[in-house]
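Student: Could you take a close look at one part of this protein with me, and tell me how it packs against what surrounds it? I'd rather have one long, connected walk through it than a quick tour.

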Amino acid sequence: SKFRDIFILELIVQMKNTLLFLSFFLSFLSFGQVQDHYLLIDKKMASIPSEKTQNTAEIARFISSNFKTETEKIRAVFYWTANNISYDVASISSLPTQETPQDRIIKTLQTRKGVCADYSLVFNEIAILAGIKSVVIHGYTKQNGKINNLSHAWCSSKIDNMWYLFDPTWGAGYVNNNKFSPKINNKYFKVNPTQMIATHMPFDYLWQFLNFPISHQEFME
């Protein structure tokens with residue numbers, strides 16, 4: 001009858017709403033558990049003795065001895081790099097130097113300051129020494145729809161057989177009125193390539209990690 005059909009329809013709607021709520025609740029619970037797990041990793045990395053942070057090998061050893069999975073290790077690498085290096089605003093427009101990557105890493109660990117290339121070099125070397133396949137990517141970025149004039153560097157690491165992207169510079173904080181404000185930004189941790197392409201464009205299309213790479217023109221538009 002008509003009333004029976006209405007009753008069944010209402011029941012179906014209620015069941016859909018219930019399932020939707022349960023799905024949202026479980027997703028929220030899972031997200032909370034992941035965030036809590038990251039907080040434990042961050043807390044452990046914040047406790048690393050200063051004498052073990054003088055070179056990348058010591059930092060990597062600390063990470064490998066305290067964490068087992070690749071996700072745990074790369075989180076530790078990201079947190080330490082983003083949390084311990086301040087953006088060197090005074091060097092934003094500095095001309096390229098003859099320093100080797102190793103020279104830059106040593107200098108960055110000594111001064112605890114650097115620009116995007118330094119963040120990326122430190123992140124990349126610690127990750128590799130901790131047993132994770134990782135590369136430094138060079139390209140340019142877009143914020144608020146505007147292409148940045150300066151080139152940029154970020155990283156990609158292979159975690160559980162999948163390539164993810166990391167920007168320890170943008171993940172460390174932000175610059176406003178020529179002043180750096182430290183603040184961990186997890187938006188740039190373990191980013192899926194399909195999301196990173198919205199703001200980060202590699203010079204080499206290969207490092208987009210997309211099945212159908214976009215062109216530079218498409219990125220700018």
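**From an exposed loop to the packed helices**

Tutor: Asparagine 161 counts as exposed because its relative accessibility is 69%, and the cut-off for exposed is over 50%. Keep in mind that this is a predicted model. Asparagine 161 sits in the loop that links β5 (152-159) to β6 (162-166). Its phi is near 65 degrees, which is positive even though the residue isn't a glycine.

Now hold that up against another asparagine, number 124, which is found in helix α5. This one counts as buried, because its relative accessibility is 12%, and buried means under 20%. What does asparagine 124 touch, once its neighbours within four places in sequence are set aside? The partners are Ser134, Val135, Val136 and Cys155. Asparagine 124 gets us into α5, so to speak, and that helix is the part I'd look at closely.

Some background before we zoom in. The protein has seven helices and nine strands. It runs to 221 residues, and 38% of them count as buried. If you take the contacts with a separation of 6 or more, 58% are between residues 24 or more positions apart.

So, α5 itself. It spans residues 116-129, which is 14 residues, and from first C-alpha to last it reaches 20 Å, close to the 20 Å you'd expect at 1.5 Å a residue. Is the helix mostly covered or mostly open? Mostly covered: twelve of the 14 residues are buried. Among them are Cys116, Tyr119, Leu121 and Phe123, but Asp118 and Glu125 are on the buried list as well. Just past the end of α5 comes glycine 131, with a positive phi of about 95 degrees.

What covers α5? Let's go through its helix partners. Two packed helices are described by the angle between their axes and the distance between the axes.

Take α3 (residues 70-84) to begin with: its axis and that of α5 come within 10 Å and cross at roughly 150 degrees. That angle makes α3 roughly antiparallel to α5, because anything over 145 degrees is counted that way. The crossing is right-handed. On the α3 side you have Ile74, Val77, Phe78, Trp80 and Thr81, and they meet Tyr119, Val122, Phe123, Ile126 and Ala127 of α5. By residue type, that contact between α3 and α5 breaks down into nine nonpolar, one polar and no charged.

The other partner to look at is α4 (residues 101-111), whose axis comes within 9 Å of the α5 axis, with a crossing of roughly 95 degrees. The two helices are therefore roughly perpendicular to each other. From α4, the residues involved are Pro101, Gln102, Arg104, Ile105, Thr108 and Leu109, and they meet Ala117, Asp118, Leu121, Val122 and Glu125 in α5. Here the contact of α4 with α5 divides into six nonpolar, two polar and three charged. Val122 of α5 turns up in the contact with α3 and in the one with α4.

Follow α3 a little further and the picture grows. Its 15 residues should span 21 Å at 1.5 Å a residue, and the end C-alpha atoms are 21 Å apart, so the two agree. Like α5, it is mostly covered, with twelve of its 15 residues buried. That buried list includes Glu72, Lys73 and Arg75 alongside Ile74, Val77 and Trp80.

α3 also packs on helix α2 (residues 56-66), at an angle of about 140 degrees and with the axes 9 Å apart. That angle makes α2 oblique to α3. The crossing of α2 and α3 is right-handed. Ile59, Ile63 and Ser64 of α2 make the contact with Lys73, Ala76, Val77 and Trp80 of α3. Sorted by type, the residues where α2 touches α3 are five nonpolar, one polar and one charged. Val77 and Trp80 of α3 are worth finding on screen: they contact α2, and they also meet α5.

One last stop, back out in a loop. Lysine 190 lies between β8 (179-182) and α6 (193-196), and its phi is near 50 degrees, another positive value in a residue that isn't glycine. Lysine 190 is partly exposed, with a relative accessible area of 23%.

How values were computed
Residues are numbered from 1 along each chain as its sequence is written. This is a predicted model: local features need pLDDT of at least 70, side-chain atom pairs count only at pLDDT 80 or more; totals for chains, interfaces and linings use all residues. Side-chain values use heavy atoms; hydrogens and water are left out. Axes are lines fitted to C-alpha atoms, for helices over the stretch in contact, and angles run from 0 to 180 degrees between N-to-C directions. Helices (H or I, at least four residues) and strands (E, at least two) are DSSP runs, numbered from the N terminus. Angles under 35 degrees count as roughly parallel, over 145 as roughly antiparallel, 65 to 115 as roughly perpendicular and the rest as oblique. A crossing is left-handed if the near helix is turned anticlockwise from the far one by less than a right angle, and right-handed if clockwise. Contact means heavy atoms within 4.5 Å. Ala, Val, Leu, Ile, Met, Phe, Trp, Tyr, Cys and Pro count as nonpolar, Asp, Glu, Lys and Arg as charged, and the others, Gly among them, as polar. The expected span of a helix is 1.5 Å times one less than its number of residues. Buried means under 20% relative accessible area, exposed over 50%, partly exposed in between (1.4 Å probe, protein chains only).
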